[in-house]
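Please look through the sequence and the three-dimensional structure shown below. The paragraphs that follow lead from single residues to the interface between chains.

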Amino acid sequence: MSNFVFSDKAVDNLHVTAGILWLFLTILLFFGQNMPLMYLAFLTILLLIIIYFVLGTMRENKIGFIFPLVYPILIMAVFWLLAFSIAMLTKGKVAVNFIFGMHPGWIAVLGFFWLGTFLTTTLGYALLFDTHILTESKWNNFMDKVSQMEKMN
Amino acid sequence: MRFLTVFLLIFIMFSNLFSSTQSYVQPSYVTWIFVVLYILISIGIGVFSTRFAKTPEQYFGSTKTFGPVTVSLASMAAIMSAFGFIGGPGLVYSLGFSSIWITCAAGVGISYGFWIIGKKMRAIAEIADVATLPDIARVRFQSKAVQGFLAIGLLFASIAFLSAQIHGGAILMQQMLGVSQGVGVFILCATVLIYMLFGGMSGHILTNAFQGLIMLVAVFVCIIGFFQITGDVNSLEYIMLNYQEGGALLGNKMVDGFGLQSLNQVIVWIFIFFVGVVTQPQLLTKMYTLKDPKSLKATGIVSGLAYGVASLMWILVGVGALYLVTKGTAAPLANKDYAAFLFLAHLSPWMQTFVLAGLLAAIMSTSDLFISIAASAFTRDFLGSIGHEIAHDRQVHYGRIVSVGVILITILIVKLSGKAGTAILGSFGFGFFMTVNFPVFVLGMLWKRVSKEAVVSGLIVGISLNLGFAILKFFGIYKLPYYDYMFALAAASITTIFVSFFRRKTKNFSLPEPIKAVLDL
């Protein structure tokens with residue numbers, strides 16, 4: 001299972017799902033004081049981000065299973081879940097003598113959210129650019145194709 | 001020269017609208033010399049860049065012109081604005097670590113954005129002569145209506161974001177040079193106008209690369225200054241155990257993972273600044289200014305890294321100010337926008353000068369871009385879309401006149417916006433850009449099915465809601481329990497998605513072959 005192939009209908013469905021999630025999010029955000037609903041709101045934005053990540057990385061409706069679906073997309077999602085969950089569980093608590101005097105919630109944001117996303121999305125972009133994002137042959141094919149067409153206005 | 005004379009005359013009429021506030025930093029000769037040198041170098045770069053701005057396309061767009069290092073530094077400098085360098089520390093000071101999510105999300109969001117739409121934005125420059133974002137929208141959707149509505153949205157959003165720069169710039173110049181806020185804003189705007197009038201978008205990119213370097217030096221100085229002020233690495237624990245407001249111990253809430261901001265607002269920030277960073281013109285325009293498409297790789301990484309380093313200023317300066325107040329070394333601030341200057345007041349004059357120069361660079365590098373975008377949106381795109389196209393050889397001339405007008409309108413808005421701080425104006429501008437650019441450039445590039453009717457509907461909904469909520473809030477009639485721009489963005493996206501989905505399906509959605517080739521890339 002090296003590639004997932006999406007039909008045009010599946011791509012449409014992903015976009016419509018995103019539309020429904022957008023709607024769900026606008027409603028959830030009205031309940032700013034309710035912690036479980038805010039966790040649900042966080043899961044909603046995470047799903048939206050994953051959907052657009054998948055749609056943006058697929059080429060001709062195909063996406064690789066290990067690269068880039070598992071790494072970086074799903075691993076990034078795990079880091080986000082860890083960061084937000086720890087920050088929520090430790091919210092408002094006093095934590096003395098922790099690493100460099102930092103609060104565990106803040107460590108989670110820095111370590112899992114920022115560093116985790118950096119190690120997946122940013123580093124993944126660097127590692128996979130030439131093989132999965134814009135290969136030389138893909139760009140050359142594109143240039144060949146457009147060189148035979150008239151420039152648009 | 002005529003533009004500057006008119007600008008000066010009208011500006012004098014507005015300048016007394018500003019009121020003076022407390023000074024934290026003592027201006028020195030060193031700072032003045034540094035500022036004069038800095039301004040001269042910026043103008044020099046602007047004059048030099050005229051060689052890249054001979055046609056309207058080059059003046060407004062600099063399409064396929066620069067390499068990855070220049071573009072990366074320029075991107076970072078343009079994104080890290082007064083919002084980041086003055087508003088950011090202010091948010092940390094007033095809300096604790098809530099806003100850390102913003103700066104953490106935006107840095108890594110850059111590579112996410114480059115990943116999902118970077119190559120398509122660059123590729124579109126190969127199939128048509130494009131200079132501006134509405135140009136690209138017109139080519140993608142084959143519609144002047146899309147171009148026109150996007151131009152209107154960009155015009156409003158640019159003025160909103162620019163108002164944050166003018167607001168922050170007024171405070172900065174007053175603190176830095178000891179002049180009135182009106183005079184300070186005049187020096188700032190006149191400098192930006194001079195180098196933009198010469199070089200247009202090329203002037204913006206080259207001066208921004210220089211300003212990006214200045215900002216990185218300022219961050220380095222801030223790191224040293226932070227440890228000088230706090231003495232050790234346990235300053236956060238000190239704040240956690242001792243910070244009080246009105247007799248109540250709040251330290252543990254300030255430095256935890258969410259700070260004092262409500263959770264729904266933090267969630268909005270995470271989303272808006274991770275996904276939204278790519279919808280900011282500072283990045284979108286850079287994608288097609290790259291000469292070589294392979295440079296997308298280096299630009300996506302270096303911009304994110306540079307932004308990550310610059311973010312340290314947001315965090316360290318804010319925490320430093322909070323530490324000083326917690327310790328009782330400084331009195332609590334009445335206005336959170338002064339947090340950065342409270343921190344600076346405790347550094348040596350040389351260190352102050354370097355950091356102040358970094359703040360000036362952050363403000364100028366963002367202001368010039370939005371002046372350019374607003375001018376091109378009106379002169380080239382909006383007028384063109386309604387059939388009043390300005391002759392090719394006159395576009396640059398009228399663009400310069402509009403630039404002056406945009407600054408004056410923005411100054412008036414800053415005055416009208418009253419107590420809204422730099423961060424609030426900045427995040428409103430950021431959200432407004434996302435509202436108009438997300439349906440066009442993210443949905444439009446990722447889904448062939450998105451039609452011009454859908455995008456126009458989305459744009460109308462997004463612009464109307466952003467402006468409508470701002471007016472309702474201004475008059476105290478209604479305020480949403482979370483940021484208006486999130487609601488406007490969601491409504492614009494939902495409209496675009498469902499209008500696209502329910503339209504009649506035609507073969508390949510009637511896309512021209514070159515567009516299909518771009519979307520398949």
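At 68% relative accessibility, A:Asn97 counts as exposed, because the cut-off for that class is over 50%. The model in which this residue is seen is a predicted one. A:Asn97 belongs to the loop between α3 and α4 (104-133) of chain A. Its backbone deserves attention as well: phi of A:Asn97 is positive, at about 60 degrees, although the residue is not a glycine. Most residues other than glycine have a negative phi.

A second residue of chain A may be read in the same way. A:Glu60 has a phi near 50 degrees, again a positive value in a residue other than glycine. This residue is placed in the loop between α2 (35-57) and β2 (62-64) of chain A. Is A:Glu60 buried, exposed or partly exposed? With a relative accessible area of 46%, A:Glu60 is partly exposed, since that class covers the values between 20% and 50%.

The backbone of chain A has further features in helix α3, which spans residues 65-89. Which form does the peptide bond from A:Phe67 to A:Pro68 take, cis or trans? That bond is cis, and its omega is near 5 degrees. A:Pro68 itself lies in helix α3. The peptide bond from A:Tyr71 to A:Pro72 is likewise cis, with omega near 15 degrees, and A:Pro72 is also found in helix α3 of chain A. As a general rule, most peptide bonds are trans.

Helix α3 of chain A also holds A:Ile73. This isoleucine has a relative accessible area of 0% and is therefore buried. Which residues surround it, once those up to four places away in sequence are set aside? A:Ile73 touches A:Ile50, A:Phe53, A:Val54, A:Thr57, A:Ile63 and A:Pro68. The last of these, A:Pro68, is the proline that follows the cis bond from A:Phe67. A:Ile73 may also be compared in position with A:Ile51: the two are 22 residues apart in sequence, and their C-alpha atoms are 9.7 Å apart in space.

Chain B offers a buried residue of its own. B:Thr299 lies in helix α14, residues 295-327, and its relative accessible area of 0% is the reason why it counts as buried. Leaving out residues up to four places away in sequence, B:Thr299 touches B:Pro68, B:Val71, B:Ser72, B:Phe114 and B:Leu290.

B:Leu290 appears again among the contacts of B:Lys64. B:Lys64 is located in the loop between α3 (56-60) and α4 (68-79) of chain B. At 31% relative accessibility, B:Lys64 counts as partly exposed. Beyond its neighbours within four places in sequence, B:Lys64 is in contact with B:Arg122, B:Ala125, B:Glu126, B:Tyr288, B:Thr289, B:Leu290 and B:Lys291. With one of these partners the interaction is polar: the side chains of B:Lys64 and B:Glu126 make a polar contact at 3.4 Å. B:Leu172 is 108 residues from B:Lys64 along the chain, and 35 Å separate the C-alpha atoms of the two.

The cysteines come next. How many disulfides does the structure hold over all chains? The number is 0. B:Cys222 shows the reasoning for one residue: its sulfur is 17 Å from the closest cysteine sulfur, in B:Cys104, and this is too far for a bond, because a disulfide needs the two sulfur atoms within 2.5 Å. B:Cys222 is buried, with a relative accessible area of 1%. B:Cys189 is buried too, at a relative accessible area of 4%.

The last step is the interface between the chains. In chain B, 77 residues are in contact with 78 residues of chain A. The size of an interface is often given as the accessible area lost when the parts come together. Here chain B and chain A bury about 7100 Å² between them, and 77% of that area is on carbon and sulfur atoms.

Charged and polar interactions also cross the interface. Between chain B and chain A there are 3 salt bridges. B:Lys297 forms a salt bridge with A:Asp130, in which the closest N and O atoms are 2.9 Å apart. In addition, 14 residue pairs are in polar contact across the interface. On the side of chain B that touches chain A, helix α6 (residues 100-127) gives the most, with 15 residues. Sorted by class, that side of chain B has 54 nonpolar, 10 polar and 13 charged residues.

How values were computed:
Residues numbered from 1 in each chain as written. Chains lettered and ligands numbered in written order. Predicted model: local features only at pLDDT ≥ 70, side-chain atom pairs only at ≥ 80, totals over all residues. Heavy atoms only, no water. Contact = heavy atoms within 4.5 Å. Buried area = accessible area lost by both parts, 1.4 Å probe. Salt bridge = Lys/Arg side-chain N within 4 Å of Asp/Glu carboxyl O. Polar contact = N/O pair within 3.5 Å; in protein donor to acceptor, adjacent residues only side chain to side chain. Helix = DSSP H or I, 4+ residues; strand = E, 2+ residues; numbered from the N terminus. Nonpolar A, V, L, I, M, F, W, Y, C, P; charged D, E, K, R; others polar. Buried < 20%, exposed > 50% of the residue type's maximum accessible area, 1.4 Å probe, protein only.
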